[in-house]
Amino acid sequence: MFENTIAAISTSLQDGAISIIRLSGDQAIEITQKIFDRNIMNAKSHTIHYGFIIDQDKNPVDEVLISIFRAPKTYTREDIVEINCHGGTFITRKILSMVLSAGADLAKPGEFTQRAFYHGRIDLSQAEAVQDMIEASNNTAATMAIHGIKGSVKKLLQPLIDDLMDIIAQIEVNIDYPEYEDVEQLTTNDLLPKTNDWLEKIDHILSRVQTGQMLKKGIDTIIVGKPNVGKSSLLNALLEEDKAIVTDIAGTTRDLVEGQIHIGSVQLNLIDTAGIRKSNDKIEQIGIERTKQEISKADVILEIRDIRDQQNKNKDSMQTALKMIKGKDVPIITVLNKVDLISTPLPNTKDVSRGTIIETSAVTGKGMQELKSELLKLAGFSENQSIYMARERHIHNLLNVKESLKRAASYLNSTSPQLELFAEELRGASDELGEITGKISSDDLLGKIFSGFCIGK
Ligand SMILES: Nc1nc2c(ncn2[C@@H]2O[C@H](COP(=O)(O)OP(=O)(O)OP(=O)(O)O)[C@@H](O)[C@H]2O)c(=O)[nH]1
Ligand SMILES: [Mg+2]
């Protein structure tokens, strides 16, 4: 399908022990032969060859190992050669330029994976999972990526696509050949429960996918509250590091202070903020403004209070902070901090907030474990639930599927059901699902997806 042979440095361009220059295409072995001192023209597939890269005057350039993979059992389904050379950036670039002079074209970002896709070795969701693996910054992201590479998205969607296709075909036969008696005549009574069932499935997939997306980037957890309640102290306690400045002066934190922790396989991106209060201090005002912006982006809010204010029923003191998070559609954990400073426990804390309440001490560490497990729970994560690789693109497609199915259902609900329009909506839904795996993708979309890759992949 592709006439040229492509080449690129597949390892990262930093000094290291080894670099790999990869070639893919019909000419891969022939081109390599021009700069290698041993004969590899008849080399068997999946073999490794020791020798020297040599320049035009036959002078040695580097001592290398060359791996030969012959089509079709390769990443791209084309012939692939990998040159393992010494890892200096100079020598790696030099060998690449020799390969290019010998007839290869420099690969565009993602072009190897793009060829794998075009040759049917992987579907689009698998190609994206390859990129997800490269970018994975935590265990959960890597686990989702490997599921994706193995084709979990396709496995999840294919039965639904098949089901939709069956029904579309059956309706078409019903409409075009009403005289066919051995094909069952579908009625609203058959189709409405089916459509609702599909809608439920899509909702289920969407929620898994959205959780997956959040876990991939880490859960953005913002720490807010009025000054001096111990926000920065809690950040430091969670990070187990003195990252943010802590003093007994109200208004210590002005800027956002960020840090990451991993609980199990989940990454939390913690953001400590300026204490919220009415202030005339210009710097503090800017800090509070930043807090506001961060609140709008957070996945979880930790609202910190001084437990003594709670005890004294000092509600006014937290009004400003509460106003800012009011009506936010994300989970909120209320943290009553400085529990070490009170001698009698609070009788009933249930009425203080709409969400979960946890008592902590950033000084003694009390309640920190409980806080961590609560954070995981609120993020909708449970270790034994399978989660799926997620992308904005997939979510967009799934939301469109949902809209199509809803419209489809409305054609059944009318007094005279319109089966032709119903089938048309199903077709739309199945096309959208097909876009996720790349069955029916425009070249524009493909170009955009693969250009996001790094060169050499
Ligand atoms: N006894 C006790 N003191 C605490 C606790 N948490 C924080 N403190 C103290 O409370 C004071 C304020 O703590 P910070 O962590 O700076 O409070 P903050 O909410 O970040 O304050 P701002 O940055 O000003 O908004 C410091 O003197 C801390 O040592 C706690 O759990 N117990
Ligand atoms: Mg602070």
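**Sheet, cores and a helix pair in a predicted model**

Me: In this predicted model, which residue of β4 does T47 stand opposite?
Reply: Strand β3 is joined to β4 (residues 60-69) by eight bridges, and the two run antiparallel. Across this pairing, the β4 residue opposite T47 is I68.

Me: Which strands stand at the edges of the sheet?
Reply: The sheet is open, has six strands with mixed pairing, and follows the order β3-β4-β5-β2-β1-β6. A strand with a single partner has one side left without a neighbour in the sheet, so the edge strands are β3 (47-54) and β6 (105-106).

Me: Which helix lies across β1, β2, β3, β4, β5 and β6?
Reply: The helix in question runs at about 15° to β2 (18-24). Its residues are 89-101, and the helix is α2.

Me: Between which domains does the largest nonpolar core lie?
Reply: This core has 68 residues, and A7, V99 and I223 touch the most other members. Residues come from both contributing domains, so the core lies between domain 1 (6-121) and domain 3 (218-378).

Me: How many residues does the other core, with L398 and A423 among them, hold?
Reply: That core lies apart from the largest one. V401 and A408 are also among its members, and the count is 22 residues.

Me: Are α13 and α14 roughly parallel or antiparallel?
Reply: The axes of α13 (residues 392-413) and α14 (residues 419-437) come within 8 Å and cross at roughly 170°. Angles over 145 degrees count as roughly antiparallel. The crossing angle therefore makes α13, relative to α14, roughly antiparallel.

Conventions:
Residues numbered from 1 in each chain as written. Chains lettered and ligands numbered in written order. Predicted model: local features only at pLDDT ≥ 70, side-chain atom pairs only at ≥ 80, totals over all residues. Core = buried A, V, L, I, M, F, W, Y, C linked by C-beta atoms within 7 Å. Buried ≥ 20, exposed ≤ 12 C-beta atoms within 10 Å, placed from the backbone. Domains from an automatic or database assignment. Pairing = 2+ DSSP bridges. Helix = DSSP H or I, 4+ residues; strand = E, 2+ residues; numbered from the N terminus. Contact = placed C-beta atoms within 7 Å. Axes fitted to C-alpha atoms, helices over the stretch in contact; angles between N-to-C directions. Parallel < 35°, antiparallel > 145°, perpendicular 65-115°, else oblique.
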